[in-house]
Amino acid sequence: MEHIDTLVIGAGAVGLSIGAQLSQQREVFVVEQGKHFGEHTSSRNSEVIHAGIYYPSDSAKARHCVAGKALLYQHCEDYGVPVKMLGKVITAQNDAEIQTLEKLILQAEQNGVDDLYWLSQVELQQKAPQITAKAGLFSPSTGIIDSHQFMLSLIGQLEHNQGHFVANTQFISATPVQRGFLVTLNCEGQTFTLSCTHLINAGGLFAQHNAAKIEGLSGAQIPPIHYCRGQYFSYQGAHPFKHLIYPVPEQHGLGIHATIDLAGQLRFGPDTQFIDTIDYATDSSALNTFYQAIQRYWPQVDKSKLHIDYAGIRPKLQTSGAQDFIIENQSIHGIAGLINLYGIESPGLTASLSLAQSIQALLDAE
Ligand SMILES: Cc1cc2nc3c(=O)[nH]c(=O)nc-3n(C[C@H](O)[C@H](O)[C@H](O)COP(=O)(O)OP(=O)(O)OC[C@H]3O[C@@H](n4cnc5c(N)ncnc54)[C@H](O)[C@@H]3O)c2cc1C
């Protein structure tokens, strides 16, 4: 039976970042159940490099977002991944929202993000023509990235280090044995077993399902998962924006904001809807809700140019309140060599390279 050092479950941005990082020192296989890498959340998001403004002080999200942002910009430069530090405008429509922006500045500073600044009405009009707001903040270090090229660059790094990305291969189950695991995989209908010393579960929306297939983990040790779909409308035609435009954040996300992709295409989203199964179906009847949300900050938006686009699903750990990334190793679940990542919602793309470094540190400390 083949033995490898580390098996990573899942080839999204996080699993691939972990694979690329660990492959510098270890033999790594990254297995992916889909035909291609990154078919789930990593290709169904806003492709924004977040600055690290919103997350509670000392949270894993704050730490990994701020560290990950710096690593990601550097990685894009080193590997030629398309990226633009466009900056974003966060708008407030009334006094209560201005207070939220004031809190955001303080929160950002606590998170180590000290480059936010207020925009005068003149600056607001220059940075965000046609946008109406009582006040606006500018975040210069927010950017956009080509997430597909980013993941491709990680596969390149992994393979350069003699690591392997294996598509069409599903993790089925694992049994802890002395110094590692016996793992059952299904590759295009054929089941086979290998052994590994370390097992990293970066399964995104499927992480809890995978954890339940690892012998020795009880149901009580696995956090619940709640799927929260967010869909986007694209805006066909010309638009006046050069920066991303955000409202103040809302309970489950950052609000229906305007992002521009590297091709200059404007899109709005994501909204929030809790669903029972992983289902990427979109609902064009949300048009009115989107239109109203966008009109609050862009009254001239042309409704006829809004077209339903795609949806992504957030792996929420709870249905209300702030939640953090969960990374569990032996010190928490008691199984040597196993690391589970749960709830890697936004800003997981931004944070991915920092998360990978922390997984390396956990393995090195074993
Ligand atoms: C609507 C939305 C907008 C977002 N916007 C942003 C943003 O602008 N900026 C940002 O930083 N973050 C954003 N995020 C968050 C970010 O997209 C995710 O945190 C990140 O992509 C998660 O990556 P992942 O690798 O953990 O998960 P995924 O990309 O879902 O990858 C997990 C992979 O594991 C595979 N897998 C699972 N189980 C198995 C198994 N048993 N065997 C083999 N393979 C398996 C899956 O097929 C999948 O490909 C957004 C998320 C959503 C939903």
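**Domain interface and ligand shell**

Between them, domain 1 and domain 2 bury about 1200 Å². Carbon and sulfur atoms account for 54% of that area. On the domain 1 side, Arg44, Ser46 and Leu205 lose the most area to domain 2. Together these residues make up 54% of what that side buries. The model is a predicted one.

Each domain is assembled from separate segments of the chain. Domain 1 covers 3-46, 148-222 and 322-364. Domain 2 covers 88-140 and 226-316. The contact draws 12 residues from domain 1 and 15 residues from domain 2. The C-alpha centres of the two domains lie 31 Å apart.

The ligand lies between domain 1 and domain 2, because both give residues to the shell around it. This shell holds 39 residues. The closest are Glu32, Ser42, Val48, Ile344 and Thr350. By class, 15 residues of the shell are nonpolar, 19 are polar and 5 are charged. Four elements each supply at least two shell residues: helix H1 (13-22), strand E10 (169-177), strand E18 (306-316) and helix H9 (348-364).

Backbone atoms also approach oxygen atoms of the ligand. A backbone N or O atom of Ile344 is 2.7 Å from a ligand oxygen. For Val14, the corresponding distance is 3.0 Å. A polar backbone atom of Ala13 lies 3.3 Å from an oxygen atom of the ligand. Taken alone, the ligand exposes 1000 Å², and the protein buries 99% of that area.

Note on methods
Residues are numbered from 1 along each chain as its sequence is written. This is a predicted model: local features need pLDDT of at least 70, side-chain atom pairs count only at pLDDT 80 or more; totals for chains, interfaces and linings use all residues. Side-chain values use heavy atoms; hydrogens and water are left out. A residue is near a molecule or strand if one of its heavy atoms lies within 4 Å of it. A polar contact is a pair of N or O atoms within 3.5 Å; within protein, one must be able to donate a hydrogen and the other to accept it, and residues adjacent in sequence count only if both atoms are side-chain atoms. Accessible areas come from the Shrake-Rupley method with a 1.4 Å probe; for residues, only the protein chains shown count as cover. Ala, Val, Leu, Ile, Met, Phe, Trp, Tyr, Cys and Pro count as nonpolar, Asp, Glu, Lys and Arg as charged, and the others, Gly among them, as polar. Domain bounds come from an automatic or database domain assignment. Contact means heavy atoms within 4.5 Å. Buried area is the accessible area (1.4 Å probe) that two parts lose on being put together, summed over both.
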